[in-house]
Each structure stands twice: as structure tokens, then as C-alpha cells.
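Work through the exercises below with the sequence and the model open side by side. Each task is followed by a solution in steps.

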Amino acid sequence: MKRIEDYGIVFPEGYYQTLLDKYTNEGVRYPHILMNIGQPRINSHFFYSRGFEGCGRLLDYGCGTGENIRQLIRDGFPRERIAAFDINWASINLGFDLYRDQKEICDLFTVSETFPFGPAEFDMVFSGSVFHVITDDEILGNYLANAWSVLKPGGILFGSTAGLAGEEVVKSHGEWRPPRVMTRDQLSGYLTGTGFNPIKIVEHRRHAYHHIPHYADICVHEFCAKKPA
Ligand SMILES: C[S@@+](CC[C@H](N)C(=O)[O-])C[C@H]1O[C@@H](n2cnc3c(N)ncnc32)[C@H](O)[C@@H]1O
């Protein structure tokens with residue numbers, strides 16, 4: 001919450017405890033969201049500045065708290081060209097509670113169990129930390145197929161996912177960790193298998209999880225993948 005106050009959000013007396021009670025009771029689906037809240041990842045992505053060239057339409061696919069679209073708006077990306085989508089309201093509502101901006105921003109979010117957008121509606125799709133929470137191969141395949149379909153020819157899918165810094169899958173030590181951690185080759189295979197070409201993957205070994213010993217093998221793969229024109 002301190003990081004969010006740095007954006008100028010003012011919390012009334014007792015608000016911290018109110019949120020703590022609310023989310024302790026409700027549970028938070030992806031607890032690591034809380035570790036990273038107030039630290040959007042999109043603006044450090046290697047593709048980010050190029051995304052502003054032409055300012056095409058952008059879909060944040062699996063938007064969670066909405067951290068990344070708030071950063072886009074802060075950086076001057078045209079608000080009317082942004083859409084954010086998720087399959088449930090849980091994290092989006094947490095974002096509203098933390099940023100206290102539901103009235104100003106809720107029109108940008110869509111939640112549905114089925115993908116609501118038609119073909120070629122967007123120039124860019126951002127996917128931040130979504131692949132690594134999708135355990136089921138078929139669901140990941142559908143997710144990628146939707147990202148492909150919703151992009152215009154020449155459009156770009158960019159984002160990040162937790163990955164394995166090494167070649168081999170290292171067994172979990174019984175603690176929670178991202179359920180799908182792919183090697184660079186596996187990620188590349190999924191992207192090219194969907195039809196994206198060319199693709200670029202940059203591996204970042206310094207990661208928020210690295211202070212936890214059993215995450216030492218985990219990196220972040222930042223990727224950018226083009227739907228050929
Ligand atoms: C770890 S959170 C990341 C949220 C946000 N993109 C970020 O960078 O902070 C993963 C999000 O992906 C969403 N998600 C999981 N499976 C999805 C799917 N099949 N389609 C769309 N969103 C999905 C979850 O509901 C969750 O909000």
C-alpha cells in the first residue's frame with residue numbers, strides 16, 4: 001500500500017485494516033500479486049516504448065489488478081485505445097480497492113468466462129504473468145489462439161511469464177511456485193506453434209522471487225511475437 005500511496009492515492013483512517021479483513025476472509029487467488037502490487041511490469045518490457053509508436057489498440061489479456069493499464073494511462077497512452085480482460089473479477093476488484101478509482105476506470109475492464117472480442121480488433125496484446133498460471137495445455141492453447149485471432153495482421157503479442165533459467169524442469173520443493181514454468185525452448189514452441197513469427201525472448205534472471213531459495217532456478221521470460229502481416 002505504501003507503493004500505491006506514492007502514486008498519490010490517499011487511504012482513509014483504518015482502510016488498511018478494512019482491506020486486510022476483507023481479503024483475508026475472501027482469499028487472494030494469486031498471492032504474488034500482492035508482493036508485486038504497485039510495481040507494474042509492462043513499462044520495463046523491452047517492447048514498451050515501441051508500443052507507443054502509432055498507439056494502436058491494446059488488449060491487456062489476463063489483466064489481474066489492472067496495474068499495467070494504469071501505468072499505460074499514466075504514461076500517456078490514449079485511454080480510449082485500451083481494453084483489459086480477465087476471466088474473473090477477483091484481482092480487478094482488489095485493484096479498485098487499492099487504487100480507489102473504480103468509477104474512473106471500470107469501463108475499461110471486461111470479465112467473461114468466454115473470450116468476448118472478435119477477430120483483428122487489436123494492434124497489440126499484452127500478456128503479463130498469465131502463461132505461468134495456466135496449468136492446462138488446452139486452455140493455454142485456446143488463450144494463445146485467442147491472442148492470435150484478436151490481433152490484426154502485423155500485430156504484436158508481448159508480455160512476460162515465469163520461466164526456467166535452466167534446460168531441465170527442476171522439481172518443486174513442495175512450496176507454492178508458478179504452476180507452469182517453461183524453458184525458453186518450450187515458450188518459443190508455444191508461440192511459433194500458434195503461428196507467431198518472428199519471436200524474441202529475453203531472459204531476466206534477477207526476479208522478485210529470487211529471495212526465496214527454492215525459486216533460484218526461476219527467471220522471467222519477456223517475449224514479443226508478431227502475427228505475420
Ligand atoms: C498472476 S495474474 C497477472 C495479472 C496481470 N497481468 C499482471 O501482470 O499483474 C494472472 C491473471 O491471469 C488471469 N487468467 C488466468 N487464466 C486466464 C485465461 N485463460 N484467460 C484470461 N485470463 C486468465 C487470472 O485471472 C489472473 O488475473
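## Exercise 1: Two helices that cross

The axes of helix 5 and helix 6 come within 10 Å of each other and cross at roughly 50°. The model is a predicted one.

**Task.** Classify the arrangement of helix 5 and helix 6, and state which residues of the two helices meet.

**Solution.**
1. An angle counts as roughly parallel under 35 degrees and as roughly perpendicular from 65 to 115.
2. The crossing angle of helix 5 and helix 6 is roughly 50°, which makes helix 5 oblique to helix 6.
3. On the helix 5 side the contact involves E67, R70 and R74; their counterparts in helix 6 are G95, F96 and Y99.

## Exercise 2: The surroundings of helix 6

**Task.** Decide whether helix 6 is largely enclosed or not by the rest of the structure.

**Solution.**
1. Buried means under 20% relative accessible area.
2. The residues of helix 6 that are buried are S91, I92, L94, G95, F96, D97, L98 and Y99.
3. These make up 8 of its 10 residues, so helix 6 is largely enclosed by the rest of the structure.
4. Just after helix 6 comes R100, with a positive phi of about 55°.

## Exercise 3: The length and sides of helix 2

**Task.** Compare the span of helix 2 (residues 15-26) with the expected value, then locate its buried and exposed residues.

**Solution.**
1. The expected span is 1.5 Å times one less than the number of residues.
2. For the 12 residues of helix 2 this gives 16 Å, and the end C-alpha atoms are 16 Å apart, which agrees.
3. Y15, L19 and Y23 are the buried residues of helix 2. They cover an arc of only 50° around the axis, which puts them on the same side of helix 2.
4. The exposed residues T24 and N25 are on the face turned away from that buried side.

## Exercise 4: The partner of helix 2

**Task.** Which helix do the buried residues of helix 2 pack against, and how do the two axes run?

**Solution.**
1. The buried residues of helix 2 pack against helix 6 (90-99).
2. The axes of helix 2 and helix 6 come within 11 Å and cross at roughly 170°. That makes helix 2 roughly antiparallel to helix 6, because angles over 145 degrees count as such.
3. In this contact Y15, L19, K22 and Y23 of helix 2 meet N93, L94, D97 and L98 of helix 6.

## Exercise 5: The sheet

**Task.** Give the strand order of the sheet, identify its edges and describe strand 2.

**Solution.**
1. The sheet is open, has 7 strands with mixed pairing, and follows the order 3-2-1-4-5-7-6.
2. Strand 3 (109-111) and strand 6 (199-204) stand at the edges; each has a single partner strand, so one side of each is left without a neighbour in the sheet.
3. Neighbouring strands are turned by 15° against each other on average, direction ignored.
4. Strand 1 and strand 2 pair in the parallel sense over 4 bridges, with L59 opposite A83 in strand 2.
5. Strand 4 and strand 5 also pair in the parallel sense, over 6 bridges, and F122 stands opposite L151 in strand 5.
6. In a regular strand the side chains alternate between the two faces of the sheet. In strand 2, I82, A84 and D86 on one side and A83 and F85 on the other are all buried.
7. Helix 5 (residues 67-74) lies across strands 1, 2, 3 and 4, at about 170° to strand 2.

Terms used. Residues are numbered from 1 along each chain as its sequence is written. This is a predicted model: local features need pLDDT of at least 70, side-chain atom pairs count only at pLDDT 80 or more; totals for chains, interfaces and linings use all residues. Side-chain values use heavy atoms; hydrogens and water are left out. Buried means under 20% relative accessible area, exposed over 50%, partly exposed in between (1.4 Å probe, protein chains only). The arc is that of the directions from the helix axis to the C-beta atoms. Contact means heavy atoms within 4.5 Å. Two strands pair if DSSP finds at least two bridges between them. Axes are lines fitted to C-alpha atoms, for helices over the stretch in contact, and angles run from 0 to 180 degrees between N-to-C directions.
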